[in-house]
Amino acid sequence: MAGGNHSGVTEFVLLGFTDLQELLFVIFLLIYITTLGGNLGMIVLIKTNSQLHVPMYFFLSHLSFLDICCSSSITPKLLSGLLAERNIISFNGCMTQLFFFAIFGTTEAILLAVMAYDRYVAIREPLHYVVAMSRGVCVQLVVGCYAVGSLNALVHTSALLRLSFCGPNLVNHFYCEIPPLVLLSCSDTWLNEMMMATCAVFIITTSVFAIVVSYACILLTTWSIRSAEGRHKAFSTCTSHLMTVALFYGSAAFLYFHPFSRHTEDQEKTASIFYTMVTPMLNPFIYSLRNKEVRSTLRRATNKLLSCRYSHRSRSNHTEAGITCHSGVIRRNKSDT
């Protein structure tokens, strides 16, 4: 990857954040640990509880997996850079980071649209939901999401590899992203700019359109339900997804609809923090706090864990008491003798 007409630059310097680096390191480390713990916990909870083996939670487990991968492709390098004098990344490492982040980010955008369609099917055909969204259909939808994400990442990475980078090599960002890299190229970047704008607009607008259409159909379906309680129960399953969509697409739209502005670097970094770290951290909490089934399953799992620990401690105390009592009897027998 490092060969060819870009050999003038073999590494990049990620400028990232220049102030309060120690404080930011602690904050980002806590966010990353929370992201890993929350999303891994969500995956384990879904995999180990048969009540959650339905299409909605199948997609949710993949959303948690994508959040882990998306955050892990950015945060470890960011944390190491905050502790170093210069955050240096090789050309190959930069392209690799960009490639995998593009895969996970694009896949998550499409998966959110698939999850909206899943909610529509669940509300429209509740009695045939499991049949309509069978295991095979769910797997095909998820594979399609990953395929589109991989194709998008391959297109952009290949387009960047054809550019020449003659210097400077200072990337005004905390990770390798297309807009700041394109600004450093000494080649004609018109094709890259058009490809990035076209792909971003196509993926975001089509995904948002699918989400809007799905929720429009959901509203029409719930409107036909006579009882207000039934309408509330039907639509309450969608609130967690809507919050996740708002967080994800809000920051993504800000980043990719104004990609080449030279006057909003700080705003773009702030939006990138939400896009790459804050949103993956919040998603499992949004679903666990807003979803009744996840809350009840988590409560049962917690109670089971606590009861197991309590029973183990009780058995240990009884064992220690028995040993103490037995020792006391032996001592009394010896004294009597």
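Here are a few questions and answers about this predicted model.

User: How are helix α1 and helix α3 oriented to each other, roughly parallel or roughly antiparallel?

Analyst: Good place to start! Two packed helices are described by the angle between their axes and the distance between the axes. The axes of α1 (residues 21–48) and α3 (residues 75–83) come within 9 Å and cross at roughly 160 degrees. Angles over 145 degrees count as roughly antiparallel, so α1 and α3 are roughly antiparallel.

User: How many residues of the contact of α1 with α3 are nonpolar?
Analyst: On the α1 side, the residues include Phe 25, Phe 28 and Leu 29, and they meet α3 residues including Leu 78, Leu 79 and Leu 82. The contact has no charged residues and 2 polar ones. The number that are nonpolar is 10.

User: Which parts of the chain does the disulfide of Cys 94 and Cys 176 link, and how many residues apart are they?
Analyst: A disulfide is a covalent bond between the sulfur atoms of two cysteines. In this pair the sulfur atoms of Cys 94 and Cys 176 are 2.0 Å apart. Cys 94 sits in helix α4, while Cys 176 is in the loop between β3 and α7. These are distant parts of the chain, and the separation is 82 residues.

User: For residues 194–221, how far apart do the end C-alpha atoms lie?
Analyst: UniProt, in an unreviewed entry, lists this span among those named "transmembrane region". In the model the span is 100% helix and 0% strand. Its end C-alpha atoms lie apart by 40 Å.

Key:
Residues numbered from 1 in each chain as written. Predicted model: local features only at pLDDT ≥ 70, side-chain atom pairs only at ≥ 80, totals over all residues. Heavy atoms only, no water. Axes fitted to C-alpha atoms, helices over the stretch in contact; angles between N-to-C directions. Helix = DSSP H or I, 4+ residues; strand = E, 2+ residues; numbered from the N terminus. Parallel < 35°, antiparallel > 145°, perpendicular 65-115°, else oblique. Contact = heavy atoms within 4.5 Å. Nonpolar A, V, L, I, M, F, W, Y, C, P; charged D, E, K, R; others polar. UniProt positions renumbered as here; feature names shortened; annotations may be inferred. Disulfide = S-S within 2.5 Å.
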